[in-house]
Amino acid sequence: MESSVRTTTLPCGEAIPVLGQGTWKMGEDSRRRADEVRALKLGLDLGVTLIDTAEMYADGGAEVVVAEAIAGRRDETFLVSKVLPSNASRAGVRRACENSLKRLRTDRIDLYLLHWPGSVPLTETVEAFEALKQAGKIRHWGVSNFDTDEMQELALLSDGDKVQTNQVLYNLVRRGPEFDLTPWMRKRGIPLMAYSPVEQGALARNARLDAVAARHGATAAQIALAWVMLHDGDIAIPKAGSQEHVRQNFAALDIKLTPQDVADLDRGFPQPTRKRGLEMI
């Protein structure tokens with residue numbers, strides 16, 4: 001059943017899917033757990049092998065859901081998790097990683113991210129990440145919710161060039177990163193990982209997408225996803241809590257937006273003309 005999913009390449013040279021599976025808000029309601037696990041398993045069946053989670057999601061509950069979904073399939077999964085900035089010290093990163101590994105029931109995390117910038121010196125967090133790599137607890141590391149100035153600060157640090165991605169809020173109504181962040185990252189070959197690519201479902205109900213969607217026999221949500229994945233090096237990680245939602249997201253991979261589509265979307269959702277602070281939700 002597994003299909004070929006388009007990939008992009010991390011700075012380390014490893015290829016990962018441009019469509020992943022998000023887990024924010026999973027693990028919050030035990031009544032939904034079976035559906036969440038089935039959804040993640042179907043994604044793996046389809047070849048959507050990148051699963052993104054975090055210690056913050058449901059206070060670790062999302063990681064427990066992921067563990068159930070990937071049981072017996074760990075080697076085919078590219079597992080992403082995140083450490084809170086309050087745990088970003090040397091000892092804190094080590095402790096948080098060990099706790100995530102226990103909840104995920106695995107011996108390593110493929111990509112470990114600092115969830116957002118905090119008060120711990122960035123150099124200390126990078127040193128902690130590198131120590132985890134040396135210990136085999138994580139394979140790669142990256143950041144999340146870093147704006148351009150923070151990425152520039154990171155680049156100046158020893159081992160700062162080992163960063164593999166920056167996960168940020170990016171979609172048709174959150175185009176602020178295009179002003180300077182995405183050009184900076186693309187110049188250095190650092191993929192952008194877009195969370196909330198359908199704006200938590202709001203873009204599925206946005207009439208400005210309807211004409212483009214009609215041309216492709218698609219939904220507005222699928223057009224929003226296709227637009228994020230159109231840009232080389234960008235990765236979309238939508239959450240799907242049901243198998244049907246997984247299939248809908250997966251179908252967005254087959255949508256080939258035309259120049260006319262892109263022009264129409266640019267008119268409906270204009271590109272930024274000035275610098276804006278990086279948005280977070």
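This passage describes two helices, a group of aromatic residues, a strand pair and several backbone torsions in a predicted model.

Helix H1, which comprises residues 33-46, contains 14 residues and spans 20 Å from its first C-alpha to its last, close to the 20 Å expected at 1.5 Å a residue. Its buried residues are Glu36, Val37, Ala39, Leu40, Leu42, Gly43, Leu44 and Leu46. These buried positions of H1 pack against two strands, S3 (21-22) and S4 (50-52), and against two helices, H2 (61-70) and H9 (243-251). Just after H1, Gly47 adopts a positive phi of about 100 degrees.

Helix H3 (residues 90-104) has 15 residues, and the distance from its first C-alpha to its last is 21 Å, close to the 21 Å expected at 1.5 Å a residue. Within H3, the residues Gly92, Val93, Ala96, Cys97, Ser100, Leu101 and Leu104 are buried. Viewed down the axis of H3, these buried residues fall within an arc of 165 degrees, and they therefore line one face of the helix. The spacing can be read against the general geometry of such a helix: with 3.6 residues a turn in an α-helix, residues three or four places apart point the same way. On the face of H3 turned away from the buried side lie the exposed residues Arg95 and Lys102. The cover over the buried residues of H3 includes helices H2 and H4 together with strands S5 (78-83), S6 and S7 (138-144). Just after H3, Arg105 takes a positive phi of about 55 degrees.

Two of the elements that cover H3, namely S6 and H4, also contribute to the aromatic contacts of the model. The count of aromatic pairs comes to three. In one of these, the ring centres of Tyr112 and Phe129 are 5.7 Å apart and the ring planes stand at 65 degrees, so that the pair is edge-to-face, an angle over 60 degrees being the criterion for that class. Because Tyr112 belongs to strand S6 (residues 109-114) and Phe129 to helix H4 (residues 122-134), the pair ties together parts that are 17 residues apart in sequence. Both Tyr112 and Phe129 are buried, and together with Trp141 they form one aromatic cluster.

Strand S7, which also takes part in covering H3, runs parallel to S8, and three bridges join the two strands. Ser144 has Gln167 as its bridge partner in S8. Seven of the seven residues of S8 (residues 163-169) are buried, so this strand is largely enclosed by the rest of the structure.

Further backbone torsions of note are found in the loops. Most residues other than glycine have a negative phi, whereas Lys25, although not a glycine, has a positive phi of about 80 degrees. Lys25 is placed in the loop between S3 and H1, and because its relative accessibility is 35%, Lys25 counts as partly exposed. The charged end of Lys25 sits over the ring of Trp24, at 4.8 Å from the ring centre. Asp59, likewise a residue other than glycine, has a positive phi near 50 degrees and is located in the loop between S4 and H2. With a relative accessibility of 75%, Asp59 counts as exposed.

Note on methods:
Residues numbered from 1 in each chain as written. Predicted model: local features only at pLDDT ≥ 70, side-chain atom pairs only at ≥ 80, totals over all residues. Heavy atoms only, no water. Helix = DSSP H or I, 4+ residues; strand = E, 2+ residues; numbered from the N terminus. Expected span 1.5 Å × (residues − 1). Buried < 20%, exposed > 50% of the residue type's maximum accessible area, 1.4 Å probe, protein only. Contact = heavy atoms within 4.5 Å. Phe/Tyr/Trp six-rings, centres within 6.5 Å; stacked < 30°, edge-to-face > 60°. Lys NZ or Arg CZ within 6 Å of the ring centre and 35° of its normal. Arc of directions from axis to C-beta. Pairing = 2+ DSSP bridges.
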